[in-house]
Amino acid sequence: MAATDTTSLKVTPREPGGSRTTRRLRRSGRVPGIIYGGGEEPLAFSVEARDLRIALAAGGAVINLAVEGSGATPVVLKVIDRHPVNSETMHVDMLRVNLTVKIQAVVLLELEGVEDAPGVKEGGVLEFVTRELNIEALPNDIPDTMTHHVGEMAIGDHLALGALTPPSGVELLDDPETVIATLTPPKLQLEPEDEIEEETERVGEDGEPVAAGDGDDSADSEGESSGSDAGAE
């Protein structure tokens, strides 16, 4: 869905500080961030973590950022740093945008109809190779995600970027031959040939396992023993 409506977000300017300052901000429930671009000086800010979550989840690429003490400006999210363990937002970078000028962005691709694909029903494995797409569009035309239906894919098929149809006003920037997904045959779990042969050697003619030391070696040993006994007599 394209970002036809902007989401508002109120932020507070802050003085750039070190790690101790940012940790204090996070403990108070706020997230540090920075706005840059648009021919203006970068501006450090902090925002309530809850307000930021709501704005990012509301959909739409453009956020109407209202800076306390000054006017609002349209921005897009450029970078979001998350905690590696709990995934909480640690820092955000926002880029000022001109709504009449195209910008480049990255959007996620979602595949639909995977379970309906004939190749999947036959046991094939669909591998999603490229999940992020580089696009160019006006800020308000940038979609949250792009979708493509793969319900007709058979085993051996592959999906290339050139088969995708972007929304109106959106240009795909990557090579049309970029592989998006493949549908490969099911992988059979076969025993290695040498293991099968080794197992066969350990089974006797009657189908019973042969214990170590049984067979010809035992017979030879028995014959040698008898010959020794006879010589002794």
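Reader: Is T182 buried or exposed in this predicted model?
Author: This is a predicted model. T182 is found in strand β13. Buried means under 20% relative accessible area. T182 has a relative accessible area of 18%, so T182 counts as buried.

Reader: Which residue lies 4.2 Å from T182, C-alpha to C-alpha?
Author: Leave aside the neighbours of T182 within four places in sequence. T182 is then in contact with V125, L126, E127, M153, D157 and H158. One of these is 24 residues from T182 in sequence, yet 4.2 Å away in space, C-alpha to C-alpha: H158.

Reader: Which strand gives the most to the largest nonpolar core?
Author: The largest nonpolar core has 28 residues. At least two residues of this core come from each of β7 (103-112), β8 (125-128), β9 (132-137) and β13 (179-184). With five residues, the one that gives the most is β7.

Reader: Which residues have the most contacts inside that core?
Author: Nonpolar side chains tend to be buried together in soluble globular proteins. L164 touches L109, L133, M146, H148, L159, L172 and I180, not counting residues up to four places away in sequence. Inside the largest nonpolar core, the residues with the most contacts are L133 and L164.

Reader: How many residues does the second, separate core have?
Author: The largest nonpolar core has 28 residues. A second core is separate, and I35, L52, A55 and L65 are among its members. The size of this second core is 15 residues.

Reader: Which side chain joins T89 in a polar contact of 3.3 Å?
Author: T89 lies in strand β6. T89 is buried, with a relative accessible area of 18%. Not counting residues up to four places away in sequence, T89 touches V31, L52, I80, D81 and R82. The polar contact of 3.3 Å joins the side chain of T89 to that of R82.

Reader: How many residues apart in sequence are R30 and E48?
Author: The side chains of R30 and E48 meet in a salt bridge, 3.1 Å from N to O. R30 lies in strand β2 (residues 30-37) and E48 in strand β3 (residues 40-48), so the pair ties together parts that are apart in sequence by 18 residues.

Reader: Which of these two, R30 or E48, counts as partly exposed?
Author: Buried means under 20% relative accessible area, and exposed means over 50%. R30 has 17% relative accessibility, so R30 counts as buried. At 34% relative accessibility, the one that counts as partly exposed is E48.

Reader: Which residue meets E40 in a salt bridge?
Author: The structure holds two salt bridges. In one of them, the N to O distance is 3.8 Å and the partner of E40 is R96. E40 lies in strand β3 and its partner in strand β6 (residues 89-96), so the pair ties together parts that are 56 residues apart in sequence. The partner is buried, with a relative accessible area of 11%: R96.

Reader: Where does pLDDT stay under 50?
Author: The protein averages a pLDDT of 83, and 78% of the residues score at least 70. Where pLDDT is low, the predicted coordinates should not be read in detail. One stretch has one contact beyond four places in sequence, and there pLDDT stays under 50: residues 215-233.

Notes. Residues are numbered from 1 along each chain as its sequence is written. This is a predicted model: local features need pLDDT of at least 70, side-chain atom pairs count only at pLDDT 80 or more; totals for chains, interfaces and linings use all residues. Side-chain values use heavy atoms; hydrogens and water are left out. pLDDT is the predictor's confidence in each residue, from 0 to 100. Contact means heavy atoms within 4.5 Å. A salt bridge is a side-chain nitrogen of Lys or Arg within 4 Å of a carboxyl oxygen of Asp or Glu. Helices (H or I, at least four residues) and strands (E, at least two) are DSSP runs, numbered from the N terminus. Buried means under 20% relative accessible area, exposed over 50%, partly exposed in between (1.4 Å probe, protein chains only). A nonpolar core is a set of buried Ala, Val, Leu, Ile, Met, Phe, Trp, Tyr and Cys residues joined through side-chain atoms within 4.5 Å. A polar contact is a pair of N or O atoms within 3.5 Å; within protein, one must be able to donate a hydrogen and the other to accept it, and residues adjacent in sequence count only if both atoms are side-chain atoms.
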